[in-house]
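Could we go through this fold together? Please have the chain open beside you.

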Amino acid sequence: MNGRLRLAAIVAAPLMVFGVGCQEQQRPLVVVTSGGTFERALERHFYQPFTIRTAIRIAPVGASLGSQWARLAAMRQARSIEWDVVTAFPEDLISRYQELLEPIDCARIPIAKETQLPNTCTPHGVLRSIGAGVLTWNTTQFKGKEPTNWFDFWDLKTFPGPRTLPSTPSAHPWLLIVALLADGVPQKQLFPLDVERALRKLEEIKPHVSVWWSTGEQSQAALRDGDAVMGLLWVSRVVPSIAQGVPLRLSYEQSIQNITYWGIVRDTPNRDAAYRFLNFFLHNPKEHAAFTEDVGVATPSAAVREYLSEAEWGSMPTNPENWSKTIELDAKWIADNQEMISRRVMDLLSK
């Protein structure tokens, strides 16, 4: 859909939904995400239309999850809250980070129950996006036989060339998972993770990892520029690259569910504006469809399917054919063991 038409459709929404006419905020609504392509798509499809609709400016901030929580904790200790809406994984919502977030009053976001996927509104977060960590490779490197799973990723004889893997703390459980899958652990028997076994398997591939990426853009560049031939990437980085003509392919086999939430920062003075933004975000399935076209991840909108082409729907993680292949994380186990996992993985990477 033409961008101007999308904006017009949003602006034509009922005035009462988003509180137009309220006094403009003294400071912008600060929204924290991972930055890069994903943040730019949010700006185009949600932030800018929200400002047009409500006169509330949004100031985007890019930060890794580890940095986000550390900085938010420092703000709370200093009693100077500068952020309003942040990103959270399922394990964050039940870990010690929960103390940094406002309990969500779902009654203030009725659309979360009316037209969205089940459990869009939770006690400390509102569902934002549904993606996956997927095996991705550069198609120019492999002629004929191509990799399909993590056993293939470790198979350097059949699929030679450097690899790329994430080094970000939030993805450390992913490293253990793909290592165990490569070592023959059945997908349904992964949790609780056998950390020692996974680390031994990671030691095998470590010398062949040329790029330990810490941002999505780094992962894209590694495969695009030939620094690696295969990697574990967010699907939200792969689909846009393919659309731009980069010769990449992905597999949903043994992919890892990557579900993220919006969280409202505890004691933010912009609480009301944050709720207005969350309500706005969940409206307009056409805009959600345009967003998924750009970044390759699904949103909570249950009505988005009718606005996607067959090809677009085919690449979505929430397409039942793809979702059935994904690995559901044990959020409670990860929350209980996150610090230990990160310490052990960082020890391995630093050797």
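The questions below go from overall shape to the core.

Modeller: A word on the ground rules: this is a predicted model, where local features need pLDDT of at least 70, side-chain atom pairs count only at pLDDT 80 or more, and totals for chains, interfaces and linings use all residues. Residues are numbered from 1 along each chain as its sequence is written, and side-chain values use heavy atoms, leaving out hydrogens and water.

Colleague: What is the radius of gyration of the protein chain?

Modeller: The globule rule (2.2 Å times the number of residues to the power 0.38, with the radius taken over C-alpha atoms) gives 20 Å for 351 residues. The chain is close to that, so it is as compact as a globular protein of that length, with a radius of gyration of 20 Å.

Colleague: Which helix supplies the largest share of the largest nonpolar core?

Modeller: A nonpolar core is a set of buried (under 20% relative accessible area, 1.4 Å probe, protein chains only) Ala, Val, Leu, Ile, Met, Phe, Trp, Tyr and Cys residues joined through side-chain atoms within 4.5 Å. The largest one has 83 residues, and Leu176 is among those with the most contacts inside it. Its largest share, 9 residues, comes from residues 172-182, helix α7.

Colleague: How many residues does the second, separate core have?

Modeller: Its members include Val30, Trp83, Leu308 and Trp313. Overall, 56% of the chain's 351 residues count as buried. This second core has 28 residues.

Conventions:
Buried means under 20% relative accessible area, exposed over 50%, partly exposed in between (1.4 Å probe, protein chains only). Helices (H or I, at least four residues) and strands (E, at least two) are DSSP runs, numbered from the N terminus.
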